Amino acid sequence: MTEPLLRVDGVSHAFGGVYAVREVDIDVAYGELRAVIGPNGAGKSTLFNLVGGQLAVRTGAIVLAGTRVDRLPAHRRARLGIGVVFQGARIFRGMTALENAMVGAHAVTGGGFAGAVFRLPVHRREEREIRQSAREALARVGLAGWADRPAESLPLGQQRALQVARALCGRPRLLLLDEPAAGLRAAERDALARLFEELKTSGLTMVVIEHDVAFVTRLADRVTVLDLGRVIAEGTPATVRADPAVVAAYLGTGVHA
Amino acid sequence: MREFLQYLITGVGSGCVFALVGSGLVVVHRVTRVVNFAQGSFAVIAAMTASTLLASGLPHGLAEASAVAVGAGAGLLVGLVAIGRPGTPPGASLIITLGLAVFAYAVEVLIWGDQPRSFAGVPGAVEFGGVRFQAHYLLIIGATAVVFAGTAALFARTDIGRALSACASNPYAARVVGIDIVRMGLLSFGIGGALGGLAGVLVTPIQLVTFDYDVTLIVGGFAAAVFGGLMRPLHTLVGGLLLGVAQSFVAGYGNAAYQMEVALVLLLAVMMRQAARAPAAEQEPA
């Protein structure tokens, strides 16, 4: 097997002596859409925060395209290509949707202070390119018509799409999403599913943390199932669905082999 | 009428200085949520530095510019101490800036003594509407206009400006788009230092500056900044001008001893009105 894009290697994390994530190993191949599912309290969000850099990794390693990232702060990981979409509406209030997307480009631009202050030609060209790529990203997630609206005025589904656009502006190698379908209406879910299909076709690698099993299993190449902090199953959606341990974890009964 | 115009012009001049100090407070607060009580010290340090450099023979312009750079450096230093350690709560940082402002007195007295300093500004006088006033006022007004336009453009139209605003709006989300929020915070302190420094070198030719002049500046600047909820630069400019003109009229038609009281009353009135209106829209907890 070739080197995976993302390797989570023996990662554990405890809150006050209780393990939320325990010795988790996950390899995500280039171009893969990986779903990470599990019942409440399985450690999904903890894993999301460990990979994104919102929580410090104390045990284990996280490797992105051959580079250890687990000791790096979140902003350095973003610059190495980890794009993050939160479940909550973590958008930039007081800015328009377009400006929100433009901020995302900070992960790839240097953002030189001198260039900005003296309005150097190179800065003006960069600024045009950022605006252009932000418009494209908004169009990609279906927000072309919302560009000049204040970000906080967008409905929840659009705010999440805006986070995707913002992440895309940073040209991520890996897009990490925490329960992207949570709280969305049926039509919004369908739109989100179509967006994932499109992003996958374009070659983007995605890790989708999801509580809603039906939503992701029809999109994912492979599914990792967490329960009580451990990986209890991994494979194609069909094999995972048939796995008795998974059924047991979701139904909360004992394991019957 | 001539008196009115005279008071108006001097009021606008000192109002510009308050607005500059206030905008330094706003830039730092927008990005870091810290109220920087050392903001007035940057002005005093820059004023003293400029007077020393001019006395040692450096030409006008170069001396003032160097002094503003020293102000920016002082800002960066205060920033390093106040927010350099990631995770310092804004309240703790505020107390640190207050402590550093007091510490700055000791440094200033040690280097420059406790005597007031001054140096010449733009020479000559200008006549306008039958009133003669120092040409230096034109420099103060012009420089303030340029600085406010420039800061507005920086925040609205540059990547670095958007990154600075993003820190203020949602530090949690700012990190995941690759923004180093500590570095942005330090940058804001540097900009604040430069703005304070500029206020200092502009005010010295029309006002003697002593080591404790920062109190006057921080009270006036804070009143101006609060006018814009410590967030909006343009409101800060308006607030600063209103304060400067109000003080000038009180001093001109009434008693010059009440200038500080004017600032404090304005500050109190604005704060009470804002507190009554609504709890300000806050960022979501990170």
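Let me begin with E64 of chain B, a charged residue that is buried and yet forms no salt bridge. This is a predicted model, and in it the nearest side chain of opposite charge, that of R117(B), is 13 Å away. A salt bridge would require a Lys or Arg side-chain nitrogen within 4 Å of a carboxyl oxygen, so R117(B) at 13 Å does not provide one.

What, then, does the side chain of E64(B) reach? It makes a polar contact of 2.8 Å with the side chain of H60(B). It also reaches the backbone nitrogen of G61(B), at 2.7 Å. If we set aside neighbours within four places in sequence, the contacts of E64(B) are with L54(B), F119(B) and V201(B).

E64(B) belongs to helix α3 of chain B, and that helix covers residues 62–83. L77(B) is placed in the same helix, α3. Is L77(B) buried or exposed? L77(B) is exposed, because its relative accessible area is 55% and the threshold for that label is over 50%. For orientation, the C-alpha atoms of L77(B) and G150(B) are 24 Å apart in space, with these positions 73 residues apart in sequence numbering.

I turn next to helix α9 of chain B, which runs over residues 214–227. Its 14 residues reach 19 Å from the first C-alpha to the last, close to the 20 Å expected at 1.5 Å a residue. How many of the residues of α9(B) are buried? The count is 11 of 14, and the helix is thus mostly covered. Among the buried residues are D214(B), L217(B), F222(B) and V226(B), as well as G220(B) and G221(B). The elements covering them include α1, α2, α4, α10 and α11 of chain B. Just after this helix, G229(B) adopts a positive phi of about 60°.

Finally, the record. An unreviewed UniProt entry lists several spans of chain B under "transmembrane region", including 6–28, 65–84, 213–230 and 237–258. We may compare two of these with the model. Residues 6–28 of chain B are 100% helix and 0% strand, with their end C-alpha atoms 34 Å apart. For residues 237–258 of chain B, the corresponding distance is 22 Å, and the span is 77% helix and 0% strand.

To close, I return to the opening case: E64(B) is buried without a salt bridge, while its side chain has a polar contact with that of H60(B) at 2.8 Å.

Note on methods. Residues are numbered from 1 along each chain as its sequence is written. Chains are lettered from A and ligands numbered from 1 in the order in which they are written. This is a predicted model: local features need pLDDT of at least 70, side-chain atom pairs count only at pLDDT 80 or more; totals for chains, interfaces and linings use all residues. Side-chain values use heavy atoms; hydrogens and water are left out. Helices (H or I, at least four residues) and strands (E, at least two) are DSSP runs, numbered from the N terminus. Buried means under 20% relative accessible area, exposed over 50%, partly exposed in between (1.4 Å probe, protein chains only). The expected span of a helix is 1.5 Å times one less than its number of residues. Contact means heavy atoms within 4.5 Å. Lys and Arg count as positive and Asp and Glu as negative; His and the chain ends are not counted. A polar contact is a pair of N or O atoms within 3.5 Å; within protein, one must be able to donate a hydrogen and the other to accept it, and residues adjacent in sequence count only if both atoms are side-chain atoms. UniProt positions are given in the numbering used here, feature names are shortened, and annotations may be inferred rather than shown by experiment.
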